[in-house]
Amino acid sequence: MVHLDGKTALITGSTDGVGRVVASRLGQAGARVLIHGRDPQRGERVVAAIEAAGGTAEFMAADLASLHEVRRLADTIRKAEARLDILVNNAGIGTAGGSRLTSNDGHELRFAVNYLAGFLLTYLLLPLIRQSTPARIVNVSSAGQQAIDFDDVMLTRGFSGSRAYCQSKLAQIMFTIDLARELATSGVIVNALHPATYMDTAMVRRAGVTPMSTVEQGAEAIMQLAVSPAFEGRSGRYFNGLNETRANAQAYDDAARQELRALSLRLTGLTDGTS
Ligand SMILES: NC(=O)c1ccc[n+]([C@@H]2O[C@H](COP(=O)([O-])OP(=O)(O)OC[C@H]3O[C@@H](n4cnc5c(N)ncnc54)[C@H](OP(=O)(O)O)[C@@H]3O)[C@@H](O)[C@H]2O)c1
């Protein structure tokens with residue numbers, strides 16, 4: 001087992017599902033674990049379980065449907081933590097639900113929660129992560145990917161929960177490729193993955209799908225990208241479970257990634273690469 005004593009990890013969406021298992025594994029390996037979600041009671045239960053197993057953890061609440069809350073979460077972490085060695089952008093909303101919903105900021109909800117919140121959080125935490133090298137960023141995406149229609153990113157026409165989910169998941173991979181280039185030679189490795197197919201989680205049950213994988217399988221794939229020493233120098237890649245593979249073709253389209261990046265900077269109010 002990898003030893004992570006003295007290291008700090010943040011896992012978004014670790015009050016449930018595969019994120020909770022990853023948090024527990026990182027805690028067992030000796031990392032101080034920052035648990036994130038919306039529900040303080042569930043968050044404190046995850047903290048208690050990690051502490052009962054001899055680890056150290058703290059819960060931080062933030063609704064990622066609000067960019068203001070993302071900024072508040074990042075501020076809290078930047079003020080309280082001396083380092084951040086591992087960031088796992090895992091929180092997400094699944095495919096269930098046919099009605100188009102919007103975030104507090106008026107953005108299509110899955111684009112906002114699954115992608116844009118992680119984009120902003122990552123950039124706000126990047127100075128701390130850069131100070132903590134060698135460091136890792138893992139973007140938990142999905143094999144469910146769909147090309148982004150830049151004429152209607154917010155899906156005002158032809159909405160479906162599945163389409164919204166799939167474009168948000170591809171956006172995470174496009175961000176991963178760009179960020180890895182930006183961070184080349186920085187000591188920060190960033191990769192994206194599909195953890196496992198239809199794990200037994202609330203997201204999958206809500207979609208009415210019969211689970212095919214366990215959260216332990218997905219957690220193993222996330223842990224590989226978060227801590228495996230074999231990943232030194234391998235950045236900007238997309239994995240299906242434990243194996244590197246190709247994402248949707250749009251991920252490798254430089255112009256599409258540039259367009260997504262410009263839009264994301266504008267929507268989050270970030271200037272290029274800064275807070
Ligand atoms: N399950 C699968 O088979 C599968 C397959 C491919 C990819 N994935 C990806 O794996 C990741 C985890 O999925 P999961 O199946 O473990 O899901 P899950 O059991 O439904 O857990 C989702 C987590 O995200 C948090 N979350 C959701 N909306 C949020 C919001 N607005 N603000 C803050 N936190 C929020 C939830 O927190 P609350 O406790 O506050 O609800 C929860 O901790 C997702 O990114 C998903 O797309 C899953």
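## A tour of the ligand and two pockets

Start with helix 6, which gives three residues to the shell around the ligand, the largest share of that shell. Keep in mind as you click around that this is a predicted model.

**Stop 1: the shell around the ligand.** Select the ligand and bring up its surroundings: 32 residues surround it. Which ones are closest? Look for Thr15, Arg42, Tyr165, Met199 and Thr201. Now colour the shell by residue type, and you should get 15 nonpolar residues, 11 polar ones and six charged ones.

**Stop 2: polar partners.** Zoom in on Asp63, where a polar side-chain atom sits 2.9 Å from a nitrogen atom of the ligand. Next, pick Lys169: an N or O atom in its side chain is 2.9 Å from an oxygen atom of the ligand. Then hop over to Gly13, and this time show the backbone, as a polar backbone atom there lies 3.2 Å from a ligand oxygen. How much of the ligand does the protein cover? On its own the ligand has 900 Å² of accessible area, and the protein covers 95% of that.

**Stop 3: the helices around the ligand.** Switch to a cartoon view and select helix 1 (17-28), helix 5 (161-182) and helix 6 (202-206); these are the elements that give two or more residues to the ligand's shell.

**Stop 4: the largest pocket.** Hide the ligand for a moment. The space it takes is the largest pocket, and about 1100 Å³ of space lies in there. Its lining has 46 residues; to find the centre, select Gly92, Ile93, Gly94, Met203 and Arg206, which lie nearest to it. Back in cartoon view, add strand 2 (32-37) and helix 4 (109-130) to your selection: along with helix 1, helix 5 and helix 6, each supplies at least two residues of this lining. Colour the lining by type and you'll find 22 nonpolar, 17 polar and seven charged residues.

**Stop 5: the second largest pocket.** Leave the ligand behind and select the residues that line the second largest pocket, including Val2, His3, Leu4, Lys7, Asp85 and Ile86. Add Pro134, Ala135, Arg136, Ala226, Val227 and Glu232, which are part of that lining too. About 170 Å³ of space lies in this pocket. Which elements give it two or more lining residues? They are strand 5 (135-140) and helix 7 (215-227). One last recolouring splits this lining into seven nonpolar residues, one polar and four charged.

Terms used:
Residues numbered from 1 in each chain as written. Predicted model: local features only at pLDDT ≥ 70, side-chain atom pairs only at ≥ 80, totals over all residues. Heavy atoms only, no water. Near = heavy atom within 4 Å. Polar contact = N/O pair within 3.5 Å; in protein donor to acceptor, adjacent residues only side chain to side chain. Areas by Shrake-Rupley, 256 points an atom, 1.4 Å probe, with all protein chains shown as cover. 1 Å grid on protein atoms, 1.4 Å probe; cavity = no way out; pocket = protein on both sides within 12 Å on 5 of 7 lines; lining within 4 Å. Sits in = over half its atoms within 2 Å of the grid points. Helix = DSSP H or I, 4+ residues; strand = E, 2+ residues; numbered from the N terminus. Nonpolar A, V, L, I, M, F, W, Y, C, P; charged D, E, K, R; others polar. Points joined across faces, edges and corners; volume = space filled by probe spheres on them.
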